[in-house]
Amino acid sequence: MDVTDATFQADVVARSAQVPVVVDLWAPWCGPCTTLGPMLERAVAATDGAVELAKVNVDENPRISETFAVKSIPAVFAIAGGQVVDQFIGAVPEAQVTAFVQKLIPSASEADLLVEAGDEASLRRALELEPGHVAATEGLARALIDRGEAAEALTVLGRVPETPAVRALAAEARLLQGGVNVQEAGSGEVEARLDALLNVVRDDEAARQEFVDLLETLGPEDPRTNEFRRALAARLF
């Protein structure tokens, strides 16, 4: 992603608490930068999400350059837990770039291995070891929802930061508490329910929440999500 002075705190510093972030400081006029950039992109892409890449145009974002006290570019910094953990300056061979990125991949913890096992007992044990383990939380919540234990699922989900997956699971759990099982409901049933709710969303807070939760379970890729969001805005405003 391209990062600016305005987004650096959220996209790099805060994000590095969840996943290591490689920061590539470059400029369009810098020849070595245009060589190094694609190498970094390939190396980070090969980690399949275990490491992320943030690209910073130093001409447009002087504050970031000052933060790193950059004297020349390309300059590459690895950030984990909000701290610089590694760096290099200048263009280097691709093998060195790959090694730089590979070193950042976190080794699997005991909790990670338990999550891979996937059964409920393993997921619960993973959360005993790492209470904030997002993947374990999502997996356990999924299991609880599937067997109708919506209240416990919401309690579990409330212990971790919100992610798109956590939001969708929480929406599904709230709907289940209200008697709506989206796993069993057909596409037509969900659409009919959304149409019905539109008639009462203005004056009924519970109906608004159910409407929003149904859209959350549809997901942003479903074309109906934007259609119904527009319809909701028209009714409310």
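Me: Is strand S3 (residues 75-80) largely enclosed or largely open, and why?
Reply: Keep in mind that this is a predicted model. Buried here means under 20% relative accessible area. Five of the six residues in S3 meet that mark, so the rest of the structure leaves the strand largely enclosed.

Me: How many bridges join S1 to S3, and which residue in S3 stands opposite Asp-24?
Reply: Strand S1 covers residues 21-26, and S1 and S3 run antiparallel. The two are joined by five bridges. Look across from Asp-24 into S3 and you land on Val-76.

Me: What about S4: how many bridges does S3 make with it, and which residue is the partner of Ala-80?
Reply: S4 takes in residues 83-89, and its pairing with S3 is antiparallel too, over six bridges. For Ala-80, the bridge partner in S4 is Gln-83.

Me: Which residue takes a positive phi in the hairpin of S3 and S4?
Reply: There are two residues between the strands of that hairpin. The phi in question is near 60°, and the residue that takes it is Gly-81.

Me: Let's move to helix H6 (residues 120-129): where do its buried residues fall, seen down the axis?
Reply: The buried ones are Ser-122, Leu-123, Ala-126 and Leu-127. Seen down the axis of H6, they keep within an arc of 140°, so they line one face of the helix. As a rule, an α-helix has 3.6 residues a turn, so residues three or four places apart point the same way.

Me: And which residues of H6 are exposed on the other side?
Reply: Exposed calls for over 50% relative accessible area. On the other side of H6, that goes for Ala-121 and Glu-128.

Me: Which helices do the buried residues of H6 pack against?
Reply: One of the two is made of residues 110-117, and the other of residues 134-146. Those are helices H5 and H7.

Me: Stepping back, how many helices and strands are there in the chain?
Reply: We've already met S1, S3 and S4 among the strands, and H5, H6 and H7 among the helices. For the chain, the count is 12 helices and four strands.

Me: What radius of gyration does the chain have, next to a compact globule of 237 residues?
Reply: The C-alpha trace spans about 60 × 45 × 25 Å along its principal axes. A compact globule of 237 residues would come out near 18 Å, but the chain has 22 Å.

Me: And how much of the chain counts as buried?
Reply: The accessible surface comes to about 12,600 Å², with 52% of that belonging to carbon and sulfur atoms. Of the 237 residues, the share that counts as buried is 39%.

Key:
Residues are numbered from 1 along each chain as its sequence is written. This is a predicted model: local features need pLDDT of at least 70, side-chain atom pairs count only at pLDDT 80 or more; totals for chains, interfaces and linings use all residues. Side-chain values use heavy atoms; hydrogens and water are left out. Buried means under 20% relative accessible area, exposed over 50%, partly exposed in between (1.4 Å probe, protein chains only). Two strands pair if DSSP finds at least two bridges between them. The arc is that of the directions from the helix axis to the C-beta atoms. Contact means heavy atoms within 4.5 Å. The radius of gyration is taken over C-alpha atoms; the globule rule is 2.2 Å times the number of residues to the power 0.38. Accessible areas come from the Shrake-Rupley method with a 1.4 Å probe; for residues, only the protein chains shown count as cover.
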